[in-house]
Amino acid sequence: MLGKQKLYLRALVSIAFILMLVGIVDAAQFAYIINYGSNNVSVINTTTNNVTTNVTVGTNPYGIAIAPAGLKVYVANQAANTVSVIDTTTNTVTTIVPVGT
């Protein structure tokens with residue numbers, strides 16, 4: 001299971017950097033990285049490579065998606081059966097959507 005998590009994290013980081021390079025995301029100066037064991041998302045300034053904040057989300061965040069306009073980040077929380085919606089202008093969770101069973 002740990003190997004799968006490492007592979008997933010590598011893929012996620014790669015995708016985040018590709019999105020920044022091609023300019024798809026308006027929030028491209030920041031990378032949003034899930035922290036499975038810490039139940040949060042690190043916001044990294046890609047210019048300085050420093051963590052600017054950690055946003056608390058649901059239990060065991062496992063997937064992440066950034067809206068095309070870059071204004072929202074969606075985090076799937078595996079153990080909580082929820083999706084946390086992060087506003088990228090304030091880096092706060094604005095909505096928690098129940099999903100799954």
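How many bridges join strand β2 to β3? Six bridges do so, linking β2 (residues 40-45) to β3, and the two strands run antiparallel. Strands here are DSSP runs of E with at least two residues, helices are runs of H or I with at least four residues, and both are numbered from the N terminus. Two strands count as paired if DSSP finds at least two bridges between them.

Before going further, a word on the model: it is predicted, with local features needing pLDDT of at least 70 and side-chain atom pairs counting only at pLDDT 80 or more, while totals for chains, interfaces and linings use all residues. Residues are numbered from 1 along each chain as its sequence is written, and side-chain values use heavy atoms, with hydrogens and water left out.

**The chain as a whole**

The protein chain holds one helix and seven strands. Read from the N terminus, its elements follow the order α-β-β-β-β-β-β-β. Of the 101 residues in the protein chain, 34% are buried, where buried means under 20% relative accessible area, exposed means over 50% and partly exposed lies in between (1.4 Å probe, protein chains only). The accessible surface of the chain is about 5900 Å², and carbon and sulfur atoms contribute 61% of that; the areas come from the Shrake-Rupley method with a 1.4 Å probe, and for residues only the protein chains shown count as cover. Among contacts (heavy atoms within 4.5 Å) with a separation of 6 or more, 26% involve residues 24 or more positions apart.

**The three-stranded sheet**

Back to β2 and β3: together with β1 they form an open sheet in the order β1-β2-β3, with antiparallel pairing. Since β1 (30-35) and β3 (50-56) stand at the edges with a single partner strand each, one side of each is left without a neighbour in the sheet. Neighbouring strands of this sheet are turned by 25° against each other on average, direction ignored; the axes are lines fitted to C-alpha atoms, for helices over the stretch in contact, and angles run from 0 to 180 degrees between N-to-C directions. For one bridge to look up in the structure, try valine 41, whose partner in β3 is valine 55.

**Two asparagines in loops**

Asparagine 39 has a positive phi although it is not a glycine, and asparagine 81 is likewise a non-glycine residue with a positive phi.

| Residue | Loop | Phi | Relative accessibility |
|---|---|---|---|
| Asparagine 39 | between β1 and β2 | about 60° | 24%, partly exposed |
| Asparagine 81 | between β5 (72-77) and β6 (82-87) | near 55° | 29%, partly exposed |
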